[in-house]
Structure formats: C-alpha cells, structure tokens
Amino acid sequence: MVKVRVPATSANLGPGYDTMGMAFNLYNYVTMEESGTGLNISVQGEGKGEIPLNEDNIVFQAACRVFQEVNYHPKGLKILLENNIPVTRGLGSSASTIVGGMMAANIISGEKLDKEHLLLLAINMEGHPDNVAPALLGGVVVAAGFNELLNYVKIEVPDGLNAVAAIPDFPLATKTAREAVPKEVSLSDAVFNIGHASLLVAALMKSDFNLLGKVMEDKLHQKYRSLLIPGMEEVFSAAKRAGALAVTLSGAGPTLVAFTTGKEKEIAQVMKDGFAPFNVSCRTIYLFPERDGAVVMP
Ligand code: HSE
C-alpha cells in the first residue's frame, strides 16, 4: 500500500498564464494498493459525491498511464482519496489527482519512472504545466513547452510570502474559463505580460516583495474571466487597500489569491466583504507555500 500527499497549487500567478504556478500547504491524499481483483475507489472530503468512482476517475486514469508506460498489469486496485482541495475552484485539484495517481502507480509498479518522466506524463494528461509542475515539485515552477521541448525551473519561494485565498461557493469549469480567453491578443498585451512575468521571476529570486507587488499584473486572461466572477475587480482593490502586495485569479478561478507578508486577517475579511454585494459567498483560508511538492507518506 502506498499513500501520497499532493499540494494545492495556484496557477498563472497573474502574468504567467499557462507557465507559472505555486504550491501551497493544502493537500489531497491518494492511497493505492493492489487488491487482487476489480476496481474499488472511495472519496472522503472535497468532491465526495461528485467525483466518479469508476474508470472515469482521474486518479485511476492517471495511474493507468503510468502502468501502460512501464508495461505493468496491476492485480485489482483499491484507491482511497482524502481530499482537502476544493474541486473546480482554481486551486489545482485536478492536477493534484493526476500527480497523486501517477506517483502512487509508479511506486506500486516498482518505481521505474523518475520525477521528470512523471512530470512529462502529467503535463500531457493535464494539457498545461502550471498546476502539475508545482504540485509535483513544490515551490514556484516556471515551465514552458511539451515533451522533449519542455523547459522548467523550480524557484524557492522567499521566506515571509504568504497568501489568503477567497474561495467562492460556485464552481467554474476550467474549460468554460478557457473559452472566455480570446484566441488572439494584441502585441502590446503580449509584451505587457512578457515583461511582468519576467520581472515576477526576478522578484521571487531576489526576494524583492516591493517589486513582486508591482508586477503580478496580467492582460491576457484575468479581465476576460472577471466577467464570470462577479465582484472580482472590487475584491482585488479591497485586498490591496487592506495591505495585500498583489492579488491574482488563481488558475482558471473562481478563487482569488492575495499575496501578503502580514495582515492576513484583515485581508480575508475585506475579500469576503467585497464579494458580498455581488451575492457571492466565499470562504477564506490562509495559505503558506509548500516547498517540497508531492511526497510519499512514511
Ligand atoms: N493556466 C490554466 C488556466 C490553469 O488559467 O486556464 C487552469 O488549470
């Protein structure tokens, strides 16, 4: 039996659309064992009652990709998912299930794949790297390209940088949120994001929170998706007034993440209050960067 812990992630980090993400200390757990025969999946916590318990289950499908890759034929599978990451809220729950399923399957089948190989399989399954890469590796990961053209770098998150997440009580499917983003953008918007994403990497590497607060801005996706998230712009402004360094749409949303070095309680309150006039109720949680990524539990 193997048990894997996989962190939540916030993708894009503002300007890093489809290329940057950060891991946080909120976890899903995948326990897997060969059971002799058949498939037995159970879910506890987030997603219980929604997540399929048959062969459509993403953890099972991710595990199968690894088994196929190494030509291993498991004798029955029993899978337990203990979920703390909210589903379809933009905190990387689907990436965590892919990474968890692949890591567990890799161990069951004799640990034939290294992390890089698992990363490539996970990106191919998810379609973009910005959630699965930090879920697997921890910290902030910048990644671009596919298969043999994949390049990625893990950046340690500077000490003292924390976050407050406001998680609205409505789901937003990634597919819907991606359809809201235009297929073509202006050169000036592209240049804006290249500059800001590059400066964000520099700010993280130099632990320069002043710069970080100025460059987590985006022109490629957030304004289009704000139409799907009533109150988003107002919550951004309120959190910044309350002391947040920067506020971003987490992944495809609808969760908003405020990055901060303090005043978490005040920021959480104004984010909640900011959504209220738009009839959006939300829960707020404090998040801390997860440095190690997915791990096998002892
Ligand atoms: N980069 C992706 C998006 C992350 O924003 O659509 C969602 O999984």
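Which residues does V164 touch, not counting residues up to four places away in sequence? In this predicted model, V164 touches L256, V257, A258, T260, E264, I267, A268, M271, I285 and Y286. V164 has its place in strand β7, which runs over residues 162–168, and because its relative accessibility is 0%, under the 20% cut-off, V164 counts as buried. One of the residues it touches is V257, and although V164 and V257 are 93 residues apart in sequence, their C-alpha atoms are 5.6 Å apart in space.

A second element to look at is helix α1, which covers residues 58–69. At 1.5 Å a residue, its 12 residues should span 16 Å, and the C-alpha atoms at its ends are 17 Å apart, which agrees. The buried residues of α1 are V59, F60, A62, A63, V66 and F67. These residues cover an arc of only 165 degrees around the axis, and therefore they lie on the same side of α1. An α-helix has 3.6 residues a turn, so residues three or four places apart point the same way.

The buried residues of α1 pack against the following elements.

| Element | Residues |
|---|---|
| β2 | 20–33 |
| β3 | 39–45 |
| β4 | 77–83 |
| α2 | 93–108 |
| α3 | 115–126 |

The surroundings of this helix can be described as well. The N-terminal end of α1 is capped by N57, whose side chain places an oxygen 2.9 Å from the backbone nitrogen of V59, and V59 is also one of the buried residues of the helix. Just after α1, N71 takes a positive phi of about 55 degrees.

Note on methods: Residues numbered from 1 in each chain as written. Predicted model: local features only at pLDDT ≥ 70, side-chain atom pairs only at ≥ 80, totals over all residues. Heavy atoms only, no water. Helix = DSSP H or I, 4+ residues; strand = E, 2+ residues; numbered from the N terminus. Expected span 1.5 Å × (residues − 1). Buried < 20%, exposed > 50% of the residue type's maximum accessible area, 1.4 Å probe, protein only. Arc of directions from axis to C-beta. Contact = heavy atoms within 4.5 Å. Polar contact = N/O pair within 3.5 Å; in protein donor to acceptor, adjacent residues only side chain to side chain.
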